[in-house]
Amino acid sequence: MSGLTESPAWRALAAHHAQVKDVHLRTLFAEDAQRFTKFSVEGPGLLLDYSKNRVTAETMRLLLDLARERQVEQRRDAMFAGEKINITEQRAVLHVALRAPRDASILVDGRNVVPEVHAVLDAMARFAAQVRDGSWLGHTGQRIRNVVNIGIGGSYLGPEMAWRALRPFSDRGMRFRFVANIDGADFVEATQDLDAAETLFVISSKTFTTLETMTNAASARAWLVGKLGSEAAVARHFVAVSTNAAKVREFGIDTANMFGFWDWVGGRYSMDSAIGLSTMIAIGPEGFAELLAGFHDMDTHFRTTPLERNLPALMALLTVWYNNFFGAQTVGVMPYSAHLARFPAYLQQLQMESNGKHVDMQGKHVDYETGPVIWGEPGTDGQHSFYQLIHQGTKLIPCDLIGFCRPLSDLPHHHDYLMANLFAQAEALAFGKTAEELAAEGSPAFQTPFRVAEGNRPTNLLLVDALTPRSLGMLVALYEHNVFTQGAIWGIDSFDQWGVELGKVLAQRIIPELESAAAPALAHDSSTNALITRYRSRRGA
């Protein structure tokens with residue numbers, strides 16, 4: 001495969017961009033009354049309207065040429081076949097196996113992994129049912145009413161996001177808390193109003209050695225034993241999501257209450273594995289099965305639908321278009337749903353940990369931009385904070401706007417007002433407000449420069465039937481495969497995260513320098529040495 005920026009498809013796109021970069025969306029819509037029909041696609045339970053993007057039919061043809069030139073379809077098929085496409089760790093990438101039907105066959109090293117997946121799901125379902133129906137009792141004989149998920153990164157963001165998104169489907173008689181930050185305040189605030197006799201801790205760490213997770217787990221253990229007065233209480237109040245049975249047993253957790261997963265599941269792709277145990281307890285095994293079905297719906301769509309109508313592929317190509325040809329540094333994700341408040345944060349890890357890479361699959365430094373910065377907040381909150389910059393600022397910020405046709409509350413008017421704002425923002429970002437329009441409305445002339453909104457700000461609008469476990473799974477898988485397609489085009493390994501590992505290694509070196517009683521001999525740079533010294537001198541002040 002030739003270098004990306006020297007490839008025929010890339011060169012054709014660069015030439016095309018020079019021709020269309022200044023064409024306004026007002027012009028594109030004025031010239032084609034059928035633009036929505038041509039630039040919208042239906043998927044499982046949703047509609048993608050990408051007509052308010054700065055593209056023409058020729059743009060999309062050239063982007064699809066690029067996808068085929070970069071062998072997106074072949075790489076997709078290799079992933080689904082269990083090939084080791086994570087080249088730096090020599091691992092398969094098979095989060096799609098986590099939601100495969102029971103009768104499916106997906107091979108890793110010649111072995112069908114689907115039966116193993118369903119064995120874990122069945123064990124999770126049995127345990128979740130016991131907690132939910134009160135037959136799993138704590139050390140003092142009381143039923144569990146509080147679940148605290150302790151993890152970090154993928155073992156935290158996914159479960160927390162899913163619980164917040166699906167609270168209307170959860171057991172309202174239970175409380176769920178999520179602890180990730182190694183700042184002790186996170187654990188203290190999460191547990192200060194909980195009764196230890198009614199609290200279950202789910203410790204999620206593949207290796208059971210992750211610094212932040214195991215520090216918080218140790219504090220949870222001390223808190224529980226201190227409250228209940230017995231080491232034996234650990235066995236009834238802790239379960240593990242891990243693959244390290246020895247460490248789990250050493251902690252005091254019965255390995256019968258250990259739920260495993262596999263090295264072909266990356267942390268940021270793991271919310272539908274055993275990492276989702278707290279989610280399953282919240283929404284029940286049936287609800288979790290619906291979540292998995294939504295994932296699988298989108299997997300099937302991505303695997304079988306031609307690129308021209310393939311939602312993840314189209315969204316990825318649009319990201320490449322703005323990131324690499326317009327110089328857009330970010331993508332905003334704005335869900336018009338209060339329940340999806342943590343969805344942008346979840347996508348930050350999914351996309352930025354996956355595609356924040358500076359070398360290609362051959363280890364050569366790239367000469368083009370890779371993953372954009374992902375950020376966002378729910379609408380309508382964001383409209384009253386940062387939308388000003390999107391509308392009238394100097395930066396081009398493509399946005400994904402997500403809305404739902406059916407509400408999750410029965411309060412009158414609210415949902416219509418919410419959706420009116422969604423549609424209005426997409427329209428305003430696309431078409432803006434001209435000086436002529438302001439004059440026709442009687443706006444004072446001196447205000448005109450300040451009130452003109454240029455428009456031509458691109459959006460994808462995802463319109464989903466309703467926020468349910470199934471549609472949440474579908475949305476997450478949509479973005480998973482979107483990220484995959486971007487990485488395939490850029491020729492990078494989207495499934496390792498060596499940059500994350502570097503900080504962890506350095507932290508382990510600094511910890512004893514902070515904790516030692518005697519002043520240590522420091523061998524860092526002058527800034528780090530000075531900061532450590534000041535911290536040691538001031539922490540007890």
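This is a guided tour of selected residues and helix pairs, in an order that can be followed in a viewer.

The model is predicted, so local features were taken at pLDDT of at least 70 and side-chain atom pairs at pLDDT 80 or more, while totals for chains, interfaces and linings use all residues. Residues are numbered from 1 along each chain as its sequence is written, and side-chain values use heavy atoms, with hydrogens and water left out.

**Start at the beginning of the chain**

Select threonine 5, which lies in the segment before helix H1 (8-20); helices (H or I, at least four residues) and strands (E, at least two) are DSSP runs, numbered from the N terminus. Threonine 5 counts as buried at 17% relative accessibility, where buried means under 20% relative accessible area, exposed means over 50% and partly exposed lies in between, for a 1.4 Å probe and protein chains only. Its side chain is joined to that of aspartate 367 by a polar contact of 3.1 Å. A polar contact is a pair of N or O atoms within 3.5 Å; within protein, one must be able to donate a hydrogen and the other to accept it, and residues adjacent in sequence count only if both atoms are side-chain atoms. Not counting residues up to four places away in sequence, threonine 5 touches Trp10, Arg11, Asp367 and Tyr368, contact meaning heavy atoms within 4.5 Å.

**Serine 40, tyrosine 50 and asparagine 460**

Next, select serine 40 in strand E1 (residues 40-43), a residue that is buried with a relative accessible area of 17%. The side chain of serine 40 reaches the backbone oxygen of phenylalanine 36 at 2.7 Å. If neighbours within four places in sequence are left aside, serine 40 is in contact with Leu47, Leu48, Asp49 and Tyr50. From C-alpha to C-alpha, serine 40 and tyrosine 50 are 5.7 Å apart in space, and they are 10 residues apart in sequence.

Keep tyrosine 50 in view and add asparagine 460, whose C-alpha atom is separated from that of tyrosine 50 by 4.8 Å although the two are 410 residues apart along the chain. Asparagine 460 lies in strand E13 and counts as buried at 6% relative accessibility. Its contacts, leaving aside neighbours within four places in sequence, include Leu48, Asp49, Tyr50, Asn53, Met315 and Cys399.

**Helix H12 and its two partners**

Now select helix H6 (residues 114-133) together with helix H12 (residues 277-304), whose axes come within 8 Å and cross at roughly 125°. That makes H6 oblique to H12, because angles under 35 degrees count as roughly parallel, over 145 as roughly antiparallel, 65 to 115 as roughly perpendicular and the rest as oblique. Axes are lines fitted to C-alpha atoms, for helices over the stretch in contact, and angles run from 0 to 180 degrees between N-to-C directions. The crossing of H6 and H12 is left-handed; a crossing is left-handed if the near helix is turned anticlockwise from the far one by less than a right angle, and right-handed if clockwise. Residues that meet here include Leu121, Met124 and Phe127 in H6, and Leu277, Met280 and Phe288 in H12.

Replace H6 with helix H19 (residues 469-490), whose axis comes within 7 Å of that of H12, with a crossing of roughly 35°. This time the crossing is right-handed. Among the residues that meet are Ile283, Leu291 and Phe302 in H12, with Leu472, Val476 and Phe484 in H19.

Just before H12, select serine 273, which lies in the loop between strand E9 (258-259) and H12 and is buried, with a relative accessible area of 3%. Not counting residues up to four places away in sequence, serine 273 touches Leu98, Met124, Phe261 and Phe288.

**Backbone details in three loops**

Select aspartate 109 in the loop between strand E3 (107-108) and strand E4 (111-112); it has a positive phi of about 55° although it is not a glycine, and at 61% relative accessibility it counts as exposed. Then move to asparagine 456, in the loop between helix H18 (448-451) and strand E13 (459-466). Asparagine 456 also has a positive phi, near 65°, in a residue other than glycine, but asparagine 456 is buried, with a relative accessible area of 8%.

Finish at threonine 380, in the loop between strand E11 (373-375) and helix H15 (387-392), where the peptide bond from glycine 379 to threonine 380 is cis, with omega near 15°.
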